[in-house]
Amino acid sequence: MTGKVHCWYDAKGEACARGLPGDDRRPGERPRTPLSRDRVLRAAVAFADERGIASLSMRKLGEALGVEAMSLYNHVASKGDLLDGMIDLVFSEIGLPSGEADWKTAMRQRAVSARQVLSRHRWAIGLMESRSSPGPATLQHHDAVIGSLRQAGFPVALAAHAFSVLDSYIYGFALQEASLPFEGGEETADLAEMIMARFTPGEYPHLAELTLEHVLQPGYDYGGEFEFGLDLILDGLERARDTAQFRSASARRRTNR
């Protein structure tokens, strides 16, 4: 989305009917599509994807939609309401944990989906858990994650710990990945070689070893590090759940004696 994009709305964000004031359609043109909350939110997400969240304003969003900024307030109450809706749209793109899969598979699939979504909407990384008025997709997402963990035998407190550590890893990795000065394996290799050329192999031997034997190997992709770390976390959570269940069972046996 580049430049100024105009949609078929009048100054109030409403459709124009042929023959009414403000109708400048030529004969044979289709009626203008009414503005709606969904259209406003999706346009705002597309704007932020292209130009960044810092560039988003009601005036610029109105220009992108071809309407006056004030007409947007018929569909969003404020800039905060706009951001709430945008984040809810991002959450709606993340795959929910499947009730048919085991919890580790469900959490893994959800984490991978979240990373993919955040790679498309990098502006959203720091806003995902910042909203004080979360929308229905956000709440449904959180409820599904907690439900999957609880059904797998995680006590309430441990489910909270698991949710926190998983999201910290997902958002942290997404933030680091978004800030890297390269994209893809080829750019990674080019940058690594450029950096290595600035020092002798013996100056930083461990860094040189990792670069030569790992980063510069065919098929290397930094994104592959995500699933390695994710599996370590899931294995650790599984052990923590099993320990909690063992302690709970032991406590019940002592009580029943």
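In the predicted model, tyrosine 204 has a relative accessibility of 42% and therefore counts as partly exposed. Its ring pairs with that of phenylalanine 199, and because the two centres lie 5.0 Å apart with the planes at 90 degrees, the arrangement is classed as edge-to-face. Phenylalanine 199, in contrast to this partner, counts as buried, its relative accessibility being 14%.

The pair formed by phenylalanine 199 and tyrosine 204 belongs to a count of six aromatic pairs. Another edge-to-face pair is made by phenylalanine 173 and phenylalanine 226, for which the distance from centre to centre is 5.1 Å and the angle between the planes is 65 degrees. Phenylalanine 173 is part of helix H6 (residues 156-179) and phenylalanine 226 is part of helix H9 (residues 224-256), so this pair ties together parts of the chain that are 53 residues apart in sequence. Both rings belong to buried residues, since phenylalanine 173 has a relative accessibility of 8% and phenylalanine 226 one of 1%, where values under 20% count as buried. Ring pairs also bring phenylalanine 173 and phenylalanine 226 into a cluster with Tyr169 and Tyr222.

The fold in which these side chains are set consists of nine helices and has zero strands, so that the order of elements from the N terminus reads α-α-α-α-α-α-α-α-α, a helix being counted here as a DSSP run of at least four residues. The protein has 257 residues, of which 39% count as buried. Among contacts with a separation of 6 or more, 71% are accounted for by residues 24 or more positions apart.

The packing of helix H1 (residues 37-51) against helix H3 (residues 79-93) is one of the helix contacts in this arrangement, with axes that come within 9 Å and cross at roughly 80 degrees. The two helices are therefore roughly perpendicular to each other. On the side of H1 the contact is made by Arg37, Val40, Leu41, Arg42, Ala44, Val45 and Ala48, which meet Asp81, Leu82, Gly85, Met86 and Leu89 of H3. By character, the residues of this contact divide into eight nonpolar, one polar and three charged.

Histidine 75 is placed in the loop between helix H2 (58-65) and H3, and with a relative accessibility of 18% it counts as buried. When residues up to four places away in sequence are set aside, histidine 75 touches Leu35, Ser36, Arg37, Val40 and Asp81. Among these neighbours, Arg37 and Val40 of H1 and Asp81 of H3 also take part in the contact between the two helices.

Charged side chains provide further links, and the structure holds 12 salt bridges. In one of them, the side chains of arginine 131 and aspartate 84 meet with an N to O distance of 2.7 Å. This bridge links distant parts of the chain, as arginine 131 lies in the loop between helix H4 (103-120) and helix H5 (136-151) and aspartate 84 lies in helix H3, 47 residues apart. Arginine 131 is partly exposed, with a relative accessible area of 23%, whereas aspartate 84 counts as buried at 12% relative accessibility.

Helix H3 also contributes glutamate 93, which is joined to arginine 120 of helix H4 across 27 residues of sequence by a salt bridge of 2.8 Å, N to O. Here both partners are partly exposed, glutamate 93 with a relative accessible area of 33% and arginine 120 with one of 46%.

A further bridge involving helix H4 is formed by arginine 115 and glutamate 177, whose closest N and O atoms are 2.7 Å apart. Since arginine 115 lies in helix H4 and glutamate 177 in helix H6, the pair ties together parts that are 62 residues apart in sequence. Both of these charged residues count as buried, arginine 115 at 17% relative accessibility and glutamate 177 with a relative accessible area of 18%. In addition, Lys104, Asp235 and Glu238 are joined into one network by salt bridges that share partners.

How values were computed. Residues are numbered from 1 along each chain as its sequence is written. This is a predicted model: local features need pLDDT of at least 70, side-chain atom pairs count only at pLDDT 80 or more; totals for chains, interfaces and linings use all residues. Side-chain values use heavy atoms; hydrogens and water are left out. Axes are lines fitted to C-alpha atoms, for helices over the stretch in contact, and angles run from 0 to 180 degrees between N-to-C directions. Angles under 35 degrees count as roughly parallel, over 145 as roughly antiparallel, 65 to 115 as roughly perpendicular and the rest as oblique. Contact means heavy atoms within 4.5 Å. Ala, Val, Leu, Ile, Met, Phe, Trp, Tyr, Cys and Pro count as nonpolar, Asp, Glu, Lys and Arg as charged, and the others, Gly among them, as polar. Rings of Phe, Tyr and Trp (its six-membered ring) pair if their centres lie within 6.5 Å; planes under 30 degrees apart count as stacked, over 60 as edge-to-face and the rest as tilted. Buried means under 20% relative accessible area, exposed over 50%, partly exposed in between (1.4 Å probe, protein chains only). A salt bridge is a side-chain nitrogen of Lys or Arg within 4 Å of a carboxyl oxygen of Asp or Glu.
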